[in-house]
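Visitor: Could you walk me through this structure, one question at a time?
Guide: Gladly! Have a look at it below, and then we can begin.

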Amino acid sequence: DTATVSHSFQAEVSELLHLMVHSVYSETDIFLRELVSNASDACDKLRYEAIARPELIGDGEPPQIRIIPDKTANTLTIADSGIGMDRQELIDHLGTIARSGTKAFVQKLAEAKDGTGLIGQFGVGFYSAFMVADRITVISRRAGGSEVWTWTSSGGAGFEVAPSSEEDANRVTRGTEIVLHLKDDAKKYLETYEIERIVTAYSDNIQFPIMLVQPEGEPRQINSASALWQRSKSELSAEDYAKAYKSIANAFDEPAMTLHYRAEGRYSYAVLLFAPSTKPFDLFEPARKGKVKLYVRRVFITDDADLMPAYLRFIRGVIDSEDLPLNLSREMLQNNPQLAQIRKAVTTRVISELEQLAEKDAENFDKIWESFGAVIKEGLYEDFERRDKLLALARFITTSGEKRSLKQYVEGLKENQTEIYFLVGDSIERLKSNPRLEAAKARGVEVLLLTDPVDAFWTSARLEFDGKPLKSLSQGDINFDPIPVTESTPADEAQPAADEANTIALIKASLGDHVTDVKVSTRLTTSASCLVAGSHGPDRELERILSQQAR
Ligand code: ADP
Ligand code: MG
């Protein structure tokens, strides 16, 4: 066939497929939720494009998803009447991995001894279908398009793209059909009870009807297709929310926090947001993009509207507005005052929900802090207005060996202690042996040990908590004298003060221009000397990180 063109997969895709084919991974069910999730995205995109171009749907089939098991042919087909893909889109979207999070994930998979467990934890999109199929055929017609193209692959190195047969082209009037030629050990996916089990577990919240199509009998809808966030809180259980989280966020973990409410007043909108309990792979992407989905009256508009500030980019879910226009353009998303208002109000609400969680459900709050604390701390220098609230939320490992809030720290202040002390560095272990801790230790004074890269940044601003300034032990002007020494150390033994002036003069002379000053300090007890930054210059640790980045 001269019209058939072969293409090779991007290297990462081949690697991923290799891993999948050779894995002994047993949780293969996820392929179905990935394909249904893609079908649902395609229906969302169609509904959105049809706002401006209603002829795309016209009097054709409303957007829906069909699952068709065929025991004779040994195939399972997932079909949607969504947006479809043209030839170039088939090549681009089903031949590469665009999302860098997934790329990072594939690398992790390849490195891990048994990385296969990770597949079930995060999912790998379309390509997961190769866990159950030894050949996949994708037939697609872009909405409004006249051409129908067929993509085929048996995994391995590449895929082929060719014009579809006349029969296929007549059948696929809009959208995409994905035909899985099932492996021998994946035949169970032809059983309707298996299909229903998986759809109910993971895809029940998909907004579009999912129809099970069998050779005999009428197609039957197997999901509830409701906009769960529009329902009242009182009729929903924790399990309903957990399911909604998984299908809305395409997530595999349990939500550590759920926030569901309806705002009424000047603007009306429904909010259903979740905090995951595990870290995704793209958390520290430079783009720092959030993924909260914007809906307008149940129609998906975009997940690119930056509905959360960057330091809350891990929050997932939906905001569904009653008043925004359906035909929101990119520019309107940027500048719409109503959207700005919603952003602000929801951010405040998320933070107060985190505060409540910290009080009432420390276990789940800890999961969030463990996974996303380093991200939330970005808010300490980005969100001036909410800085105090964020400081109160923050948890720190201290020299006590425990994780503490600043409230707890302040409750444990020593006699005459008026400041909160911290030290920034690479690792807790290295910080613990830092000589700058000695004077604090001798007085039983607790010190925050900060080891996230972001710590060097937010601590460079002058901050206070509860009226107590935060002070770095690696900066100059710390005076521990007023705080009584509680632990006896070699430094307690009387020192001949007379020698001090001589010693200092000697050191100054030999160090010359390398230092700005040499001083006697009470901050050390067992070490002889240490280097500190001046009180007004940048923190030494910040200097170090900046010099690393400049390299
Ligand atoms: P993701 O859904 O996270 O983008 P996938 O690997 O699941 O990653 O899918 C890759 C891309 O392939 C999608 O972003 C989409 O552009 C395209 N795609 C997959 N399935 C469909 C479909 N049924 N209809 C239209 N486009 C699809
Ligand atoms: Mg997908």
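Visitor: In which sense do β10 and strand β11 pair, and over how many bridges?
Guide: This is a predicted model, so let us read the pairing from its coordinates. Strand β11 covers residues 269-276. Its pairing with β10 is antiparallel, and the number of bridges is eight.

Visitor: Which residue in β11 is the bridge partner of Y261?
Guide: Bridges link residues across a strand pair, and here the pair is β10, residues 255-263, with β11. Taking Y261 and looking into β11, the bridge partner is V271.

Visitor: Is V271 buried or exposed?
Guide: V271 is found in strand β11. The cut-off for a buried residue is 20 or more other C-beta atoms within 10 Å. V271 has 21 C-beta neighbours inside 10 Å, so V271 counts as buried.

Visitor: Leaving aside its neighbours within four places in sequence, which residues is V271 in contact with?
Guide: We already met one of them, Y261, as the bridge partner of V271. With the sequence neighbours set aside, the contacts of V271 are L259, H260, Y261, A263, I319 and V346.

Visitor: How far apart in space are V271 and V318, C-alpha to C-alpha?
Guide: Along the sequence, 47 residues separate V271 and V318. In space, their C-alpha to C-alpha distance is 6.0 Å.

Visitor: What is the strand order of the open sheet that five strands form?
Guide: The pairing in this sheet is mixed. Its edge strands, each pairing on one side only, are β10 (255-263) and β13 (299-302). On average, neighbouring strands are turned by 20° against each other, direction ignored. Read across the sheet, the order is β10-β11-β14-β12-β13.

Visitor: At what angle does helix α8 run to β14?
Guide: Helix α8 takes in residues 238-249, and β14 takes in 316-321. The helix lies across β10, β11 and β14. Its angle to β14 is about 90°.

Visitor: Which strands are the edge strands of the open sheet formed by four strands?
Guide: The order in this sheet is β18-β17-β20-β19, with mixed pairing. An edge strand here pairs on one side only, and that description fits β18 (447-450) and β19 (464-465).

Visitor: Which residue in β18 is the bridge partner of F422?
Guide: Strand β17 spans residues 420-424 and pairs with β18 in the parallel sense over four bridges. Within β18, the bridge partner of F422 is L448.

Visitor: How many of the residues of strand β5 are buried?
Guide: Strand β5 runs over residues 149-153 and has partners in β4 and β6. With strand β4 (residues 133-141) the pairing is antiparallel over five bridges, and with strand β6 (residues 158-163) it is antiparallel over four. Strand β5 is mostly covered, and the buried count among its five residues is four.

Visitor: Which residue in β6 does T150 stand opposite?
Guide: On the β4 side, V138 stands opposite W151 in β5. On the β6 side, the residue opposite T150 is A162.

Visitor: Which residue takes a positive phi in the hairpin of β5 and β6?
Guide: This hairpin has four residues between the strands. The positive phi is near 80°, and the residue that takes it is G155.

Visitor: Why does F480 count as buried?
Guide: F480 lies in the loop between β20 (468-472) and α18 (498-511). F480 and N416 are 64 residues apart in sequence and 9.3 Å apart in space, C-alpha to C-alpha. F480 counts as buried because its C-beta neighbours inside 10 Å number 22.

Visitor: Which helix gives the most to the shell around ligand 1?
Guide: The ligand has 15 residues around it, and the closest are N38, A42, H93, G125 and F126. By class, the shell has six nonpolar, five polar and four charged residues. The top contribution is five residues, from residues 30-52, which form helix α2.

Visitor: What is the mean pLDDT of the chain?
Guide: Where pLDDT is low, predicted coordinates should not be read in detail. In this chain, 91% of the residues reach 70 or more. The model scores ipTM 0.99 and pTM 0.81. The mean pLDDT of the chain is 88.

Notes: Residues are numbered from 1 along each chain as its sequence is written. Chains are lettered from A and ligands numbered from 1 in the order in which they are written. This is a predicted model: local features need pLDDT of at least 70, side-chain atom pairs count only at pLDDT 80 or more; totals for chains, interfaces and linings use all residues. A residue is near a molecule or strand if its C-beta atom, placed from the backbone, lies within 6 Å of it. Helices (H or I, at least four residues) and strands (E, at least two) are DSSP runs, numbered from the N terminus. Ala, Val, Leu, Ile, Met, Phe, Trp, Tyr, Cys and Pro count as nonpolar, Asp, Glu, Lys and Arg as charged, and the others, Gly among them, as polar. pLDDT is the predictor's confidence in each residue, from 0 to 100. Two strands pair if DSSP finds at least two bridges between them. Axes are lines fitted to C-alpha atoms, for helices over the stretch in contact, and angles run from 0 to 180 degrees between N-to-C directions. Two residues are in contact if their C-beta atoms, placed from the backbone, lie within 7 Å. A residue is buried if 20 or more other C-beta atoms lie within 10 Å of its own, exposed if 12 or fewer, and partly exposed in between; C-beta atoms are placed from the backbone.
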